[in-house]
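Me: Please take a close look at a single part of this structure, and follow its contacts outward from there. A formal, connected account would suit me best, with the reasoning given wherever a classification depends on a cut-off.

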Amino acid sequence: MTDTSHIDMLAVRDRKRTMVSGLNDMYLENFRQTGAEFILGSGRFVGSKTLEVTLADGVTRRVRGANVIVSTGTRAASEPIPGLSDAQPLTHIEALELDVVPRHLIVIGGGYVGLELSQAMSRFGSKVTVIDQNDRLLHLEDDDVTSGLASLFIHEGIDTVLNARVKNISGRSGTAVTVVVDQGGREKTLVGTHLLVATGRRPNTENIGLELAVDCPMFCTSEELV
């Protein structure tokens with residue numbers, strides 16, 4: 001693996017924060033120029049096409065519109081694996097806030113998020129091991145894509161443990177973590193310093209009162225219009 005021990009993760013993190021802040025400022029300015037009202041708060045349906053918004057200072061407002069778009073995004077999913085919660089694993093959010101290069105990063109999940117961060121951390125200097133329950137990375141993609149990706153990971157020194165089901169986890173991410181997997185009926189133990197979970201996404205639609213919006217002709221995600 002190429003020696004990248006000189007990587008300053010604090011500088012990487014600060015650059016990421018600067019980029020995100022700049023993009024947020026740009027989007028807010030573009031939004032302001034449309035003339036629309038922007039309300040920053042936590043909203044939930046209290047009736048058909050009616051929402052109650054709690055602002056940062058605790059004040060609430062009610063807003064009603066002819067059209068409502070639900071575009072609350074997603075968050076990292078967490079699997080019911082024994083010991084996972086106690087291990088305090090990284091998601092993509094915490095991984096992008098690291099101020100050190102992990103000595104050995106164990107990644108659970110062979111999808112896009114897990115693989116992107118695996119390659120990034122490997123190029124920063126981490127030893128990386130990816131665990132996936134399927135027989136190939138990005139298993140829903142075409143064979144030529146997944147075989148090419150597998151060859152690339154071998155070339156870059158990223159280990160993959162496929163057809164593996166995580167049985168239990170112990171330790172704590174950031175210090176020392178042990179992951180026990182069942183791979184084709186054989187138990188295998190992996191030991192690393194950091195643990196990243198990238199096993200899918202879940203919609204942020206809990207507790208926003210969607211059941212109260214059923215009287216609408218239709219309520220939608222960002223890909224649908226009400």
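Reply: **A strand residue and its surroundings**

Arg61 has a relative accessibility of 32% and therefore counts as partly exposed, since that class covers values between the limits of under 20% for buried and over 50% for exposed. The model under discussion is a predicted one. The side chain of Arg61 forms a salt bridge with Glu37, and the closest N and O atoms of the two are 2.7 Å apart. This pair connects distant parts of the chain, because Arg61 belongs to strand β3 whereas Glu37 sits in the loop between α1 and β1, a separation of 24 residues. Glu37 has a relative accessibility of 53%, so this partner counts as exposed.

The loop that carries Glu37 also holds Phe38, in the stretch between α1 (9-34) and β1 (41-47). Phe38 is partly exposed, because its relative accessibility is 47%. Together with Leu28, Phe31 and Leu40, Phe38 makes a nonpolar surface patch of about 410 Å².

Strand β3 is part of an open sheet of 3 strands, in the order β1-β2-β3 and with antiparallel pairing. Because β1 and β3 (60-64) stand at the edges with a single partner strand each, one side of each has no neighbour in the sheet. From one strand to the next, the twist averages 30°. In general, the strands of a sheet pair through backbone hydrogen bonds, in either a parallel or an antiparallel manner.

The partner of β3 is β2 (residues 50-55); the two run antiparallel and are joined by 5 bridges. Within this pairing, Glu52 has Arg62 of β3 as its bridge partner. A side-chain contact can be added to this picture: the side chain of Thr50 makes a polar contact with the side chain of Arg64, at 2.9 Å. Thr50 is placed in strand β2. With a relative accessible area of 15%, Thr50 falls under the 20% limit and is therefore buried.

The link between Arg61 and Glu37 belongs to a wider set, for the count of salt bridges comes to 11. As a general matter, side chains of opposite charge can pair when their charged atoms come close.

Two further pairs serve for comparison. In one of them, the side chains of Glu156 and Arg123 meet in a salt bridge, with 2.6 Å from N to O. Because Glu156 lies in helix α4 (residues 143-156) and Arg123 in helix α3 (residues 112-124), this pair ties together parts that are 33 residues apart in sequence. Glu156 is buried, because its relative accessible area is 15%, whereas Arg123 is partly exposed at 48% relative accessibility.

In the other pair, Asp143 forms a salt bridge with Arg136, and the closest N and O atoms are 2.5 Å apart. Asp143 has a relative accessible area of 54% and is thus exposed, while Arg136, at 23% relative accessibility, counts as partly exposed. Elsewhere, salt bridges that share partners join Lys16, Arg17 and Glu97 into one network.

To return to the starting point, Arg61 is a partly exposed residue whose salt bridge leads to Glu37, and the strand that holds Arg61 stands at an edge of the sheet.

Note on methods:
Residues numbered from 1 in each chain as written. Predicted model: local features only at pLDDT ≥ 70, side-chain atom pairs only at ≥ 80, totals over all residues. Heavy atoms only, no water. Patch = residues over 30% accessible without salt bridge, like charges linked within 9 Å, V, L, I, M, F, W, Y side chains within 5 Å. Areas by Shrake-Rupley, 256 points an atom, 1.4 Å probe, with all protein chains shown as cover. Salt bridge = Lys/Arg side-chain N within 4 Å of Asp/Glu carboxyl O. Helix = DSSP H or I, 4+ residues; strand = E, 2+ residues; numbered from the N terminus. Buried < 20%, exposed > 50% of the residue type's maximum accessible area, 1.4 Å probe, protein only. Pairing = 2+ DSSP bridges. Axes fitted to C-alpha atoms, helices over the stretch in contact; angles between N-to-C directions. Polar contact = N/O pair within 3.5 Å; in protein donor to acceptor, adjacent residues only side chain to side chain.
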